[in-house]
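Open your viewer, switch to cartoon view and keep the selection box handy. We will go stop by stop, choosing something to select and then looking at what is there.

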Amino acid sequence: MFLFRSNLLAAAAKVGSVAITIGLGSAPNQSARAETLPGQPGAPYQSMPSLAPIGTRVDHYLPIPKEDVTPAIDPKKGYRSQQLGRGLYMVTDNGYQSMFLVYETGVVVVDAPPGYSAHIRQAIAEVTDRPITHVVYSHAHVDHIGGVNDLGGHPIIIAQEETLRLLERAKDPRRPVPTVTFKDHYTLKVGSQVLDLSYPGSSPHEPGNIFIYAPEQKVLMVVDVIFPGWMPWRRFALAKDIPGYFDQVAYIDTLPFETLVGGHVNRVGTHSDVRTQLEFMNDLKTAAAAALKSTPPGEEMEAEDRPNLWAIYDNYIDRVVVKCVNAVTPKWQSRLAGYDVFIWDQCYAMEQSLRID
Ligand SMILES: [Zn+2]
């Protein structure tokens, strides 16, 4: 176990069966005024750790719920494939997800995460020897499309026009710019197969992040928004627009899919997963709002720190976040895989959004 100083935050964070203890490295007290180290009896700010929780280590992580332990990846292959309907397959390394769609004379690939892009042609070869004719980019982020050159050939690359703009700016040889772009909708009809591509006008995750829908297979792919069974990636998956992110998760639940490919984690999702994530997010919002309401800025500040405006707010925000974490943990710690890893991040993001958005 990592060293942590006895402090009330660790005690405050101890909820249910799990103690979220904050590992604090050695933090020499640089103030001549205090004779005691932060967190020790007699030191100021007893309800705070001597360092912020983000970036510190817990002594252990919560176990992953059994249902979220997945079909294993054959290490010799580096991926597994899962058929989602006629001619439609998901490829995954249990961390990232992409798709391919087989039609009469070729194959459409959706995303090429660099972590396993070298294996995508092999995954396709397991079911067909037809060539890759098209690639669809879900969005511009390199971790989802940066392996496209591994697909070989010269496929037509389709993306939303914001993705073109971002990729022209990035000038990244790993991410060739799309050759076909669209603004709102694009129907890709290849042989007897169809992919409906649409852009809902804006995207809370990244401009140009599209919805990819296979109507016959009732499969919807939206990347970096829904994390089936899991805590969302930190800070609502780095959403640039948190109220917009809440709206988009609710909107996804209204769509007529049966299978959701979220681009991450170890399995596909369903409407039930979307609703669980939304319920968690709403609980988080309620908790952060209540914490903001019940926490006065400046409380318990040392007189000599009062001129330090940033310190007053840093202290205030930390106290809000501790309350937020403690409020949501009993219900959610065993329901979302990786809950403990990012709950601090989510509460920080939520309180900030509630204060300024
Ligand atoms: Zn992304």
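The tour follows one helix and its packing partners in this predicted model.

**Stop 1: helix H7**

Select residues 271–294, which make up helix H7. From first C-alpha to last, the 24 residues of H7 reach 35 Å, close to the 34 Å expected at 1.5 Å a residue. Now add Thr270 and show its side chain: Thr270 caps the N-terminal end of H7, with a side-chain oxygen 3.2 Å from the backbone nitrogen of Ser272.

Before adding neighbours, a word on what to look for. Two packed helices are described by the angle between their axes and the distance between the axes.

**Stop 2: add H6**

Next, select residues 242–253, helix H6. How far apart are the axes of H6 and H7, and at what angle do they pack? The axes are 9 Å apart and the angle is about 150°. Angles over 145 degrees count as roughly antiparallel, so H6 and H7 are roughly antiparallel to each other. The crossing is left-handed.

Show side chains here. H6 brings Tyr245, Phe246, Val249, Ala250, Ile252 and Asp253, while the H7 side includes His271, Val274, Arg275 and Leu278. By type, the residues of this contact are eight nonpolar, three polar and three charged.

**Stop 3: add H8**

Now select residues 309–332 for helix H8. The axes of H7 and H8 come within 8 Å and cross at roughly 140°, which makes H7 oblique to H8. Is this crossing left-handed or right-handed? The crossing of H7 and H8 is right-handed.

On H7, look for contact residues including Thr276, Phe280, Asp283, Ala287 and Ala291; on H8, those to highlight include Tyr316, Val320, Cys324, Val328 and Trp332. Colour the whole contact by type and you will have twelve nonpolar, two polar and four charged residues.

**Stop 4: add H9**

Finally, select residues 339–356, helix H9. The axes of H7 and H9 come within 9 Å and cross at roughly 60°, which makes H7 oblique to H9. The crossing is right-handed.

Which residues of H7 make this contact? They are Phe280, Leu284, Lys285, Ala288, Ala289 and Leu292, and among their H9 partners are Tyr339, Ile343, Cys347, Met350 and Leu354. The residues of the H7 and H9 contact divide into ten nonpolar, one polar and three charged.

Before you close the session, click on Phe280 of H7: Phe280 takes part in the contact with H8 and also in the contact with H9.

Notes: Residues are numbered from 1 along each chain as its sequence is written. This is a predicted model: local features need pLDDT of at least 70, side-chain atom pairs count only at pLDDT 80 or more; totals for chains, interfaces and linings use all residues. Side-chain values use heavy atoms; hydrogens and water are left out. Axes are lines fitted to C-alpha atoms, for helices over the stretch in contact, and angles run from 0 to 180 degrees between N-to-C directions. Helices (H or I, at least four residues) and strands (E, at least two) are DSSP runs, numbered from the N terminus. Angles under 35 degrees count as roughly parallel, over 145 as roughly antiparallel, 65 to 115 as roughly perpendicular and the rest as oblique. A crossing is left-handed if the near helix is turned anticlockwise from the far one by less than a right angle, and right-handed if clockwise. Contact means heavy atoms within 4.5 Å. Ala, Val, Leu, Ile, Met, Phe, Trp, Tyr, Cys and Pro count as nonpolar, Asp, Glu, Lys and Arg as charged, and the others, Gly among them, as polar. The expected span of a helix is 1.5 Å times one less than its number of residues. A polar contact is a pair of N or O atoms within 3.5 Å; within protein, one must be able to donate a hydrogen and the other to accept it, and residues adjacent in sequence count only if both atoms are side-chain atoms.
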